[in-house]
Amino acid sequence: MPIDETPSTVASNALSAIPFGNIIGGPLTACIDAQALAAQTTWKFIQNVGLNPDPKTGEKNPLTVAFQFMRDGTMAQLNVPLLTIVPIPYIAIQTIDISFKANISASSSSSSMESSSEDISAGVNGKASLNLGLFKVEAGFNASYSSKKDSKATQDSQYSVEYTMDVAVHAGQDGMPAGLAKVLEILSNSLNVSDPKGTLDVSSQMLKGEKGHPEQLVATFKNSEGKFEPEKIVVIGGSTPIQGSVQGNSAVFELPVNEKETVYIVSVKGLDNTVKVRTVDTISADKEREAARLQRE
C-alpha cells in the first residue's frame, strides 16, 4: 500500500494559512496607537491645566499659582507656573513581548481487507449404460460449482490546528522630551516675587525744566503676577487727565512745566497705586536771577 501523504499536506497547508502578519503586527499596531493616545493626553493636559487662554485675544499664557508670604515686614507674593509644580503625565511603552505557539496535528489511517473463496465439485448425476457383449456398464454423474468473494475497506482521518499567543506590554513614566524640559526650565526661571497690589515706578518724582518746554515722564506698572501693564497708567494734572503713549513695557507722558511748582498724580486704573510727580521751572528762575545780578553790576 503506498504511503498516505495527506496528513503532512494538511499540516503544511494549515501552517501556511495562519495569519502571522495579523498575529504579530496587530499587537504592535495597537501599541503604536496607544502611544499616540498617550502623547495626545500629555498635550491636552498641558493645554487644559497649564495654559490660561485670554478670552479676548485667545492668546495662551502659562497659568500661575500665587503664594503670599511676609518678607521684611511686608506682604509679598510668589508667582509660580503651575506646570513646574505638578507632574506632567508622559507615559511611554518601554517593552513589548509577544509569545506565539502553534500546534498542528494531522493523522490518517486506512485499512482494507479482501477475501475470496471458490468451491468447484464435479460428479455424475444420472445414469448411462453401455453394453459390451458380456459386460454392461452403468455410470452416474453429478457436477456443481460455487464461488464467494468478500471485501472490506476502512479509512479514518483526524486533523486539528491550535495556536495561542501571549502579549505582555510594559509601560511607565518616561523621561521628558528635551523640548518640554527646556520649556519647564524657562518657566522655572520666570519665578518672581511681587507686591500683591502691584508695583508702580516713575523715572523721577521731580522734573526740572523751563516754562513752555514739557518734560518727559516714563512710568511702568507690574501687576501682582509680575506682568507689565503700561496701558493702565494714567496721569492727572488738576482735573484733566494727560494722555500718554505706550512704548514697550512703559508709558511715556509729556508733562507741562509752569512758573510755579505743579503736582501731577500718576495712578493705575482700578487700583490704589499712586505716585506724586512735581514739575519745577528751574531754568526760568535761574535766568531771572542771572538777569538781576547783571543789572546790579
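# Exercises on strands, a buried leucine and two pockets

V235 stands opposite V266 in β17. Let's use that pair as a way in; keep in mind that the model is predicted.

**Exercise 1. Work out which strands pair with β17, and in which sense.**

*Solution.*
Step 1: Start on the side of β13. Four bridges link β13 to β17, and the two run antiparallel. The V235 and V266 pair belongs here, with V266 in β17.
Step 2: Now look at β18, residues 274-281. Six bridges connect β17 with β18, again in the antiparallel sense. Here I265 sits opposite K276 in β18.
Step 3: Follow the chain from β17 to β18. The two form a hairpin with five residues between the strands, and G270 takes a positive phi near 80° there.

**Exercise 2. Decide why β17 counts as largely enclosed.**

*Solution.*
Step 1: Recall the cut-off: a residue is buried when its relative accessible area is under 20%.
Step 2: Apply it to β17, residues 262-268. Five of its seven residues are buried, so the strand is largely enclosed by the rest of the structure.
Step 3: Set that beside the whole protein, where 20% of the 297 residues count as buried.

**Exercise 3. Find L217 and say whether it is buried or exposed.**

*Solution.*
Step 1: Locate it. L217 belongs to strand β12, residues 215-222.
Step 2: Check its accessibility. L217 has 0% relative accessibility, so it counts as buried.
Step 3: See what surrounds it. Leaving out residues up to four places away in sequence, L217 touches V202, S203, S204, L207, A251, V252, F253, L255, V266 and V277. Notice V266 in that list: you've already met it opposite V235.
Step 4: Pick one neighbour, V252. It is 35 residues from L217 along the chain, yet their C-alpha atoms are separated by 5.7 Å.
Step 5: Zoom out. In the protein, 65% of the contacts with a separation of 6 or more are between residues 24 or more positions apart.

**Exercise 4. Put the strands of the four-stranded open sheet in order and name its edges.**

*Solution.*
Step 1: Read across the sheet: β10-β12-β16-β15, with antiparallel pairing.
Step 2: Look for strands that pair on one side only. Those are β10 (199-202) and β15, the edge strands.
Step 3: Add the twist, which averages 30° from one strand to the next.
Step 4: Check one pairing up close. β15 and β16 run antiparallel and share three bridges, and Q247 stands opposite S250 in β16.

**Exercise 5. Describe the largest pocket and the second largest pocket.**

*Solution.*
Step 1: Take the largest pocket, with about 530 Å³ of space. It is lined by 18 residues, and N61, P62, T64, E225 and K227 are the closest to its centre. β1, β2, β4 and α3 each give two or more residues to this lining, and α3 gives the most, with three.
Step 2: Sort that lining by type: eight nonpolar, seven polar and three charged residues.
Step 3: Move to the second largest pocket, with about 170 Å³ of space. Its lining has 14 residues, with I233, V234, Q243, G244 and F253 nearest the centre. The elements giving two or more residues are β13, β14, β15 and β16; the largest share, three residues, is from β13.
Step 4: Sort this lining too: nine nonpolar, three polar and two charged.
Step 5: Link back. F253, nearest the centre along with four others, is also one of the residues that L217 touches.

Definitions and conventions: Residues numbered from 1 in each chain as written. Predicted model: local features only at pLDDT ≥ 70, side-chain atom pairs only at ≥ 80, totals over all residues. Heavy atoms only, no water. 1 Å grid on protein atoms, 1.4 Å probe; cavity = no way out; pocket = protein on both sides within 12 Å on 5 of 7 lines; lining within 4 Å. Points joined across faces, edges and corners; volume = space filled by probe spheres on them. Nonpolar A, V, L, I, M, F, W, Y, C, P; charged D, E, K, R; others polar. Pairing = 2+ DSSP bridges. Axes fitted to C-alpha atoms, helices over the stretch in contact; angles between N-to-C directions. Buried < 20%, exposed > 50% of the residue type's maximum accessible area, 1.4 Å probe, protein only. Contact = heavy atoms within 4.5 Å.
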